[in-house]
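User: Please introduce this structure to a reader who has not met it before. A few questions on its salt bridges and on the confidence of the model would be welcome.

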Amino acid sequence: MMGQDAEIVGWLRGQQGRLLDLVTDWAGISSYSLDRTGLGRMADALTLSFGALGEVRRMPVPPRTWIDDLGSEVIQPLGDVLSIRHVAPRKRLRVLLGIHYDTVYPPHGEPLRIALADEDRILRGPGVTDAKGGIAVMLAAIESAMHFGAGETLSWEIFLNADEELGSPSSATLLEEAAGRNDLGLLFEPALDEAGTLASARKGSGNYCVVIHGRAAHAGRAITDGRNAVVTAAELATRLTAIGNLGRDVTVNVAAIHGGEAFNVVPDLAMLRLNARASTAEDADWFTSQLEHAVNDIDRREGFSTTLHGAFHCPPKPLDAATQFLIDHVATCGRDLGLAITTRATGGVCDGNKLTAAGLPTLDTLGVRGGGIHSPDEYLVTESLAERASLVAILLTRLADGSLEWPPDREPSSCS
């Protein structure tokens with residue numbers, strides 16, 4: 001490694017302590033997707049950290065509509081989108097860099113536990129990997145790229161949303177608009193494993209809620225007069241779970257059944273919540289038709305009525321030629337840093353699904369190496385902060401100076 005690459009790596013290694021401090025501080029702020037107070041504090045902290053790059057715009061998003069356990073619609077306000085844009089004097093390329101700042105951890109009374117372990121090799125804490133470590137990587141990468149002159153030809157946009165862990169219901173429109181303004185996308189979700197594996201293809205994901213109304217009755221005197229909504233929900237759950245055995249690349253997870261209360265009352269209301277994953281748009285459409293058919297079967301029964309809510313909120317993200325071209329560029333930069341970049345498909349989803357569906361070639365696992373996400377054991381490998389920032393900074397500077405080609409040449413040359 002020589003020349004500017006070595007300078008970038010050295011500069012970012014000098015930022016390692018600062019980046020670790022930032023992640024530690026950010027992880028100490030509750031930013032659960034529905035905690036508006038905590039999200040506001042996190043937005044303030046990010047505005048302070050990113051402010052040196054340019055004006056941080058805070059864009060409110062509409063609330064989401066949620067179906068509660070009684071089958072009623074509830075309006076839930078969500079956190080702001082934060083955005084920073086840089087327009088290059090000599091525009092060569094426009095890059096969208098994004099990640100979410102919400103987490104899955106509800107706030108609680110006791111202090112959040114964030115601590116170094118294994119001789120400071122890892123940092124444990126809520127959201128350190130998914131995705132506050134990724135925010136730090138993104139910040140350092142763009143700082144470094146600007147420091148080494150990429151801003152002369154590279155226009156960029158930073159996009160930080162606060163509802164990704166909910167499926168980005170309120171920021172989806174802003175994501176789609178950002179996709180239309182840029183040439184390629186880089187998202188800083190954590191790597192798939194501690195080795196740093198990148199995601200290639202991703203399945204699509206759909207969240208659904210089925211509200212089943214039956215008929216209440218005395219469980220002793222008139223049980224046959226009742227129509228048991230809970231039993232019917234369980235029957236539907238079994239039927240939908242079996243869809244995974246019908247030869248399609250579709251999986252179904254029944255996440256919850258709510259309903260009933262008194263032992264001596266036939267329950268007349270039940271809620272079934274489920275998630276489905278599909279590898280292709282065709283499989284997603286097939287599952288939707290199967291679900292609608294199963295729900296309609298219940299609706300036709302005497303004494304029952306149903307309401308179906310939800311959709312495939314994340315379309316499948318197949319590995320297309322443009323994304324493979326981007327992966328190859330990252331692998332080239334990785335080799336020059338002594339990093340072996342590997343990829344694999346995953347069933348997980350993220351905003352990369354939405355950006356790709358909107359036509360933006362997107363690589364979406366450029367965040368830190370670590371593991372245990374969405375669990376009390378979440379951790380990041382501390383050295384990966386400067387490491388992944390170096391990888392992305394070198395990618396950006398090479399794209400900016402034209403030593404890495406973009407857009408890919410999708411038309412084969414012809415010989416006459």
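**Salt bridges and confidence**

Analyst: The side chains of Arg-94 and Asp-183 form a salt bridge, with N and O 3.0 Å apart. This is a predicted model.

User: Which parts do Arg-94 and Asp-183 tie together, and how many residues apart in sequence are they?

Analyst: Arg-94 belongs to strand β5, residues 93-100. Asp-183 sits in the loop between α5 (172-181) and β9 (184-187). The pair therefore ties together parts whose separation in sequence is 89 residues.

User: Is Arg-94 buried or exposed, or partly exposed?

Analyst: Buried would require under 20% relative accessible area, and exposed over 50%. Arg-94 has a relative accessible area of 29%, so it is partly exposed.

User: How many residues apart in sequence are the parts that Asp-69 and Arg-273 tie together?

Analyst: Asp-69 and Arg-273 form a salt bridge in which the closest N and O atoms are 2.9 Å apart. Asp-69 is located in the loop between β2 (64-67) and β3 (73-76), while Arg-273 is part of strand β13, residues 269-278. The parts tied together by this pair are thus separated in sequence by 204 residues.

User: Which residue of the pair Asp-69 and Arg-273 counts as buried?

Analyst: The limit for buried is under 20% relative accessible area. Asp-69, at 39%, counts as partly exposed. At 11%, the residue that counts as buried is Arg-273.

User: In which helix does Asp-283, the salt-bridge partner of Arg-248, lie?

Analyst: The salt bridge between Asp-283 and Arg-248 has an N to O distance of 2.9 Å. Arg-248 lies in the loop between α6 (229-241) and β12 (250-259), so the pair ties together parts 35 residues apart in sequence. Asp-283 is buried, with a relative accessible area of 9%, whereas Arg-248 is partly exposed at 35%. The helix that holds Asp-283, spanning residues 281-299, is α7.

User: Which residues are linked with Asp-5 in a network of salt bridges?

Analyst: Across the whole structure, a search finds 22 salt bridges. The network that includes Asp-5 also contains Asp-336 and Arg-398.

User: Over which residues is the pLDDT below 50?

Analyst: The protein chain has a mean pLDDT of 95, and 97% of its residues reach 70 or more. One stretch falls below 50, and beyond near neighbours in sequence this stretch has two contacts in the model. Where pLDDT is low, the predicted coordinates should not be read in detail. The stretch with pLDDT below 50 is residues 410-416.

Notes
Residues are numbered from 1 along each chain as its sequence is written. This is a predicted model: local features need pLDDT of at least 70, side-chain atom pairs count only at pLDDT 80 or more; totals for chains, interfaces and linings use all residues. Side-chain values use heavy atoms; hydrogens and water are left out. pLDDT is the predictor's confidence in each residue, from 0 to 100. Contact means heavy atoms within 4.5 Å. A salt bridge is a side-chain nitrogen of Lys or Arg within 4 Å of a carboxyl oxygen of Asp or Glu. Helices (H or I, at least four residues) and strands (E, at least two) are DSSP runs, numbered from the N terminus. Buried means under 20% relative accessible area, exposed over 50%, partly exposed in between (1.4 Å probe, protein chains only).
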